[in-house]
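Dear colleague,

I am passing on the structure below for you to look through alongside my notes. Please read the two together.

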Amino acid sequence: MRILFIGNTRLGDAILSTSILRYYSENKADITIVCSPVSREIYEGYTTKEKLIIIKKQKFSYHWVEVYKKLDSIKWSIVVDLRNTILSRIIRKKKILRLKSVTKSTKHRIEDLCGLIKLDEIKSPKIMVKRKDIVETEIFMKRKNIKKPVLAVAPFTNWSRKNWPVEKYILVIENLLLNKKIKKIKSVILLGSKNERALCENMLKKLNHNSIQNLAGELKISHLYYLIKNCEMFIGNDSGLSHLAAATEIKTLALFGPSREIHYRPWGENSFFIRTPESYEDLVLKKGYDRNKKSSLLKNLDENKVIKFCEKILKK
């Protein structure tokens with residue numbers, strides 16, 4: 001069975017979509033993947049280097065013409081198109097599967113993805129990590145003197161409106177480092193992209209603890225996945241890193257404000273979410289809402305409520 005998988009461009013959506021790739025991989029399908037440079041590291045473990053096609057965006061969508069030329073000689077058993085592209089309409093295939101808009105769904109994104117390929121049971125996301133990446137990450141952890149138990153925190157996203165205020169993250173971290181109700185946290189790592197490194201550095205200066213390190217932008221996704229897998233708990237906003245943490249199956253807490261938890265809460269038995277007192281509709285659909293403002297829409301999420309939630313999770 002030859003599968004053409006046209007994957008997501010964003011990190012979080014790409015992680016969730018590995019539910020589909022996991023199923024086809026377990027059933028020994030021959031998979032070719034079309035994806036963005038951002039999602040490449042999420043998908044590359046599910047196919048060979050030759051069958052991973054990275055789209056470099058061009059004017060007038062010419063990149064799709066180039067991809068078409070590479071793939072048109074093959075008649076595909078199934079084309080799975082998560083981006084609703086023109087490619088899936090013109091490529092030769094026996095069957096095509098396209099995902100409807102998430103905003104019209106009443107289910108979690110993973111349930112919709114598994115429903116798209118008619119699975120009887122839900123497949124959770126999984127990132128395929130090479131042995132080489134595991135060894136390199138273990139060396140990195142030793143070099144950085146990261147001691148377990150580790151708390152991972154991802155305090156920033158690429159959209160400031162869904163970032164919980166930094167001062168509240170600081171209060172939670174300081175509390176958990178000294179909290180007698182839970183297992184003693186020996187290391188805290190701040191995670192994020194290269195673009196978020198300076199923000200994490202400013203936050204680190206305000207914390208002033210020797211056990212806290214800023215690792216934002218230092219690791220590729222496969223290394224980051226294994227690093228998080230070695231942590232006791234992850235706390236972050238609704239973001240790709242929250243989905244990455246959930247995929248490792250460690251204790252994960254995501255903080256929600258102007259996004260729908262019904263679609264994007266972290267998935268799995270060890271995954272939890274907590275949201276603002278206001279619903280998504282209260283925050284986003286109210287008069288005067290401006291997506292482009294810089295202020296946080298999570299400012300009313302109380303830090304004491306988050307601390308109590310963390311205590312509950314860490315006692316499990």
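What follows covers one sheet with its helices, and then a single serine.

This is a predicted model, in which local features need pLDDT of at least 70 and side-chain atom pairs count only at pLDDT 80 or more, while totals for chains, interfaces and linings use all residues. Residues are numbered from 1 along each chain as its sequence is written, and side-chain values use heavy atoms, with hydrogens and water left out.

Six strands (DSSP E runs of at least two residues, numbered from the N terminus) make an open, parallel sheet in the order β8-β7-β6-β9-β10-β11, where two strands pair if DSSP finds at least two bridges between them. Its edges are β8 (212–214) and β11 (271–275), each of which pairs on one side only, and the twist from one strand to the next averages 20°. Between β10 (residues 251–256) and β11 there are five bridges, and Thr 252 stands opposite Ser 271 in β11.

Helix α10 (residues 240–248; helices are DSSP H or I runs of at least four residues) lies across β6, β9, β10 and β11, at about 155° to β9, with angles taken from 0 to 180 degrees between N-to-C directions of lines fitted to C-alpha atoms, for helices over the stretch in contact.

Ser 36, in the loop between β2 and α2, counts as buried because its relative accessibility is 8%, the limit being under 20% (1.4 Å probe, protein chains only). Its side chain reaches the backbone oxygen of Thr 9 at 3.0 Å.

With best regards

Technical notes. Buried means under 20% relative accessible area, exposed over 50%, partly exposed in between (1.4 Å probe, protein chains only). A polar contact is a pair of N or O atoms within 3.5 Å; within protein, one must be able to donate a hydrogen and the other to accept it, and residues adjacent in sequence count only if both atoms are side-chain atoms. Contact means heavy atoms within 4.5 Å.
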